[in-house]
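Okay, thanks for coming, everyone. Let me put the structure up, and then I'll walk you through it.

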Amino acid sequence: MPGSDAADLARRHAESLFPSVGLFYDEPIEFRRGEAQYLYDGEGRQYLDFFGGIATVASGHAVPEINQAIKDQLDRVTHTSTLFLIRSQIELAERIRAMTPEKLDKVLFVNSGTEANEAAFLVATLARDSNELIALRHSYHGRSFATINASGQTPWRSSTLSPLHVHYVGNPYCYRCPWEKTYPSCGLLCARDVEAVIQTTTSGRPAAFVAEPIQGVGGFLTPPPEYFQEVKTILDRHGIPFVCDEVQTGWGRLGVADFGFQAYGVDPDVVVFAKGLGNGVPIGGLIATDELASSIRSLSLSTFGGNPLATTAALANLNYIATHNLRDNARRVGAHLKARLWDLAARHPAIGDVRGLGLLVAVELVADRQTKAPAPALALRVLEEAKRRGLIVGKGGLHANTLRLCPPLIVTESDADAAVAILDEALAAAAATGR
Ligand SMILES: Cc1ncc(COP(=O)(O)O)c(C=O)c1O
């Protein structure tokens, strides 16, 4: 029976995989097939995918044009290593250079967001002869020693062993302002904290400042429009490079621009990317200034970095995003989705905040709007109830009380309406069983 088959797989998962790798749902699902914005389980049941494999499936599941490019490459050559010329790797690097500021001209390909951030920290620390990093509270940058310790969320900090000395600044989380102020009368204390931290806790010459334009795992925390310009002015005054972690925000997901730094009107010195670039095929990388890129003087390579299969998939994915105007679609459908979720907030007191840009939209759930007490148990139940009704959404935030909606960029306004209708029922059903 397909149902018990999934239960059997879940049992074998628990038996053979690291316990730190958790599964969604009381009864975990195996998706056997995907098509466009839909996923299908072992019983053939259809789900509307509003999580996109954690903001990764950009163009949709099993896109024929992308799959054909991958299959053709598979039949030609799968792997040669970076010791040989790889045409698709070079073309992809050129493509990324054309999408980013002129001063960014050297690309390194790796296999994940963690590795890409690790490489960004390596070049910044080498170039600046410093092991100090400034990071934001509630950030998430990966699962290696350096990136864990650049991540400002205790639930994700499995070790405090770090090659970096990290200084944390208060983050732009307007719903729960660390200074309990209200935007815009706050005077952007969060941005000004960067100056205070540089002046009081660093040697005066940190290697870099790292930030996600919108904090992903943190619960799609969306800074005010002026935040990054204010921060960049401070960084420039001190000559500190800005490493922009676009792992969740890149490739048009925010609708208004290809990358988050463009949406916020600043030019970083390093841009880190992964997730959405390969539409699910593993790839990560970074683009940096020539000066930073040249700071690695020893031998250094990544066996799979820029692999023919991954870079071919990425090129086909970027072509699909461009030819189908998915960035514009993300802007239009994202705005519609957010407006509909605010409508929902009028009926559901558990919705404390709705935020995000494009198709990176969060709904923060609270037990009480006055105290803003987080409601993680309710969020879990909403996830279950949404799944029962055929909708997949994600979860995140420091208190695990935030629903994360980041579907493939192909979803339509009627998909958004369908998702909101399911969330409406799921919230009612979850609330009925207590907070
Ligand atoms: C902003 C950000 N940076 C880095 C990472 C790490 O990427 P990966 O899981 O591919 O190592 C993530 C993963 O969620 C992320 O959201």
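So, in which sense do strand β8 and strand β9 pair? Parallel, over 3 bridges, with β8 covering residues 242-245 and β9 covering residues 270-273. If you want a spot to click on, Asp245 stands opposite Val272 in β9. And before I go on: this is a predicted model.

Let's zoom out to the whole sheet. It's an open one with 7 strands, and the order runs β4-β10-β9-β8-β7-β5-β6. The pairing is mixed. At the edges you've got β4, residues 104-110, and β6, residues 165-169, and each of those pairs on one side only. On average, neighbouring strands here are turned by 20 degrees against each other, if you ignore direction.

Now look at what sits on that sheet. Helix α5 packs on it and touches β4, β5, β7, β8, β9 and β10. The direction of α5 makes about 25 degrees with that of β10.

Keep α5 on screen, please, as we move to the ligand. Which helix gives the largest share of the shell around the ligand? That's α5, residues 113-128, with 3 residues. The shell has 16 residues, and the ones that come nearest are Ser112, Gly113, Thr114, Gly216 and Val247. Sorted by class, you get 5 nonpolar, 9 polar and 2 charged residues around the ligand.

Next, helix pairs. Take α7, residues 189-201, and α8, residues 227-238: their axes are 8 Å apart and they pack at an angle of about 20 degrees. With the cut-off for roughly parallel at under 35 degrees, that's why α7 counts as roughly parallel to α8. The crossing of these two is right-handed. On the α7 side, the contact uses Cys190, Ala191, Val194, Glu195 and Ile198, and α8 brings Tyr227, Glu230, Val231, Ile234 and His238. By class, this contact of α7 with α8 has 7 nonpolar, 1 polar and 2 charged residues.

The other pair is α12, residues 326-347, with α14, residues 413-432. Their axes come within 9 Å and cross at roughly 25 degrees, so α12 and α14 are roughly parallel to each other too. Handedness? α12 passes α14 in a right-handed crossing. The α12 residues in the contact include His336, Arg340 and Leu344, and on α14 you'll find Glu413, Asp417 and Asp424 among them. The residues of that contact divide into 7 nonpolar, 1 polar and 4 charged.

Right, that's my tour. Over to you.

Technical notes. Residues are numbered from 1 along each chain as its sequence is written. This is a predicted model: local features need pLDDT of at least 70, side-chain atom pairs count only at pLDDT 80 or more; totals for chains, interfaces and linings use all residues. A residue is near a molecule or strand if its C-beta atom, placed from the backbone, lies within 6 Å of it. Helices (H or I, at least four residues) and strands (E, at least two) are DSSP runs, numbered from the N terminus. Ala, Val, Leu, Ile, Met, Phe, Trp, Tyr, Cys and Pro count as nonpolar, Asp, Glu, Lys and Arg as charged, and the others, Gly among them, as polar. Two strands pair if DSSP finds at least two bridges between them. Axes are lines fitted to C-alpha atoms, for helices over the stretch in contact, and angles run from 0 to 180 degrees between N-to-C directions. Two residues are in contact if their C-beta atoms, placed from the backbone, lie within 7 Å. Angles under 35 degrees count as roughly parallel, over 145 as roughly antiparallel, 65 to 115 as roughly perpendicular and the rest as oblique. A crossing is left-handed if the near helix is turned anticlockwise from the far one by less than a right angle, and right-handed if clockwise.
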